[in-house]
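These are my notebook entries on helix packing and internal cavities. I set down what I looked up, in the order in which I looked.

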Amino acid sequence: MGLVSFITGFVAPIFIIISPITSYADQTYSMHRAKSSAGFSLDIPLIMLVASMLKVFYYPGARFDTALLIQAFIMIVIQLVLLKIALDHRPSPSSKGGEAAIPFAGARDREFDIPRPYNFWQWRSHKPYWQFLLYLFISLVALELLISPIPTLYALYSAGLGAIGLSVEATLPLPQILSNYKSRSCKGFRVSVIANWIAGDIMKMFWFFTATSEIPWTFKLCGIFQMCCDLFLGGQYFVYGDGEAGKMVKEHAQGLGMEMRMNGHANGPRARTPAGEKDAYLGD
């Protein structure tokens, strides 16, 4: 019991607080060193920035554990840096791997029919990304000042912020899952990120269900969904790897299909000869 109390009271909160650094530091450095963000979905910074900002403004009404609030602030800083590097080193769509840097790129070939109004978060210019984040922050501050003096309305508003923010965060792995599925490859997405996501999920689940501090059920439910998605993403990495496995599977399928077509052509339609003689092939 003493060990469990030590983990839930000290180890888990520290792990949660530093998880943004351990999860994304390697990905950030890798893109900076390679001077390319190909294979990395820009929706990841979008999801984490929106979710973390909503979580910060959810805190005054929910008063959840302080470790989660500190994590949200650190996550915002890390994701801003990650977004800046990803945009600076984003390959052009015409270059090899360029489409992988465009979120839900599969929508262009109708593999994923996800239209985006005004080409949202697919802009080629860097300025709209920062403008959107600034406008979101200003809007949240304004709503906080306007609604907080009305306790009944503020309680509903705060609960809504928490539900939306945590639901958005729970969808974090989905853009990368779709990108990996389209390219049949996890190239460009660091295995360290996946490992840290899964390790973080395990620690969060342990902490959420054993902590004595206040952890709203919205955190727990969204955490369970996110852990399932992260495990699926880990399965993708095991199957696809850096693309060679997917390429081999595709080539094997193509070879098998060609062999079946050749066999069908060789066997060809048959015609029965008179008087019960053996079947004769209709040759070329």
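The entries below go through helix pairs, one residue and the cavities of this predicted model.

**Entry 1: α3 and α4**

I began with helix α3, residues 66–88, and helix α4, residues 127–147. I found that their axes come within 11 Å and cross at roughly 160°. Angles over 145 degrees count as roughly antiparallel, and α3 is therefore roughly antiparallel to α4. I noted the crossing of α3 and α4 as right-handed. I then listed the contact residues: L80, L83, K84 and L87 come from α3, while Y129, W130 and L133 come from α4. By class, I recorded six nonpolar residues, no polar ones and one charged residue in the contact of α3 with α4.

**Entry 2: I78 on α3**

I stayed with α3 and looked up I78, which is found in this helix. Which residues does I78 touch, leaving aside its neighbours within four places in sequence? I found P20, I21 and Y24 in contact with I78. For I21, I also looked up the separation from I78: the two are 57 residues apart in sequence, and 6.9 Å lies between their C-alpha atoms.

**Entry 3: α4 and α5**

I next followed α4 to its contact with α5. The axes of α4 and α5 come within 10 Å and cross at roughly 150°. I therefore entered α4 and α5 as roughly antiparallel to each other. On the α4 side I listed L140, L143, E144 and I147, and on the α5 side L153, Y154, Y157 and L161. The classes in the contact of α4 with α5 are seven nonpolar, no polar and one charged.

**Entry 4: α5 and α8**

Are α5 and α8 roughly parallel or roughly antiparallel to each other? I found that they pack at an angle of about 15°, with their axes 8 Å apart. Angles under 35 degrees count as roughly parallel, and α5 and α8 are therefore roughly parallel to each other. I noted that α5 passes α8 in a right-handed crossing. L166, S167, E169 and A170 of α5 meet T218, F219, C222, F225, Q226 and C229 of α8. In the contact of α5 with α8 I recorded six nonpolar, three polar and one charged residues.

**Entry 5: the largest cavity**

I then turned to enclosed space. How many cavities of 30 Å³ or more does a search of the whole structure find? The search finds two. For the largest cavity I noted a volume of about 170 Å³. Its lining holds 17 residues, of which S19, S23, Q71, W197 and K204 are the closest to its centre. I looked up which elements give two or more residues to this lining, and found α1 (2–34), α3, α7 (191–210) and α8 (217–240). The lining of the largest cavity divides into seven nonpolar, six polar and four charged residues.

**Entry 6: the second largest cavity**

For the second largest cavity I recorded about 120 Å³ of space. I found 13 residues in its lining, and the closest to its centre are L166, E169, K204, F219 and Q226. The elements that give two or more residues here are α3, α5 (151–170), α7 and α8. Which element gives the largest share of the lining of the second largest cavity? I found that it is α8, with five residues. By class, I entered six nonpolar, four polar and three charged residues for this lining.

**Entry 7: cross-check**

I compared the lists. K204 is among the residues closest to the centre of the largest cavity, and K204 is also among those closest to the centre of the second largest. L166, E169, F219 and Q226 are listed in the contact of α5 with α8, and I had entered these residues beside the centre of the second largest cavity as well.

Conventions
Residues are numbered from 1 along each chain as its sequence is written. This is a predicted model: local features need pLDDT of at least 70, side-chain atom pairs count only at pLDDT 80 or more; totals for chains, interfaces and linings use all residues. Side-chain values use heavy atoms; hydrogens and water are left out. Axes are lines fitted to C-alpha atoms, for helices over the stretch in contact, and angles run from 0 to 180 degrees between N-to-C directions. Helices (H or I, at least four residues) and strands (E, at least two) are DSSP runs, numbered from the N terminus. Angles under 35 degrees count as roughly parallel, over 145 as roughly antiparallel, 65 to 115 as roughly perpendicular and the rest as oblique. A crossing is left-handed if the near helix is turned anticlockwise from the far one by less than a right angle, and right-handed if clockwise. Contact means heavy atoms within 4.5 Å. Ala, Val, Leu, Ile, Met, Phe, Trp, Tyr, Cys and Pro count as nonpolar, Asp, Glu, Lys and Arg as charged, and the others, Gly among them, as polar. On a 1 Å grid over the protein atoms alone, a cavity is a set of points where a 1.4 Å probe fits but cannot get out, and a pocket is an open set with protein on both sides within 12 Å along at least five of seven lines; lining residues have an atom within 4 Å of a point. Grid points are joined across faces, edges and corners, and a volume is the space filled by probe spheres set on the points.
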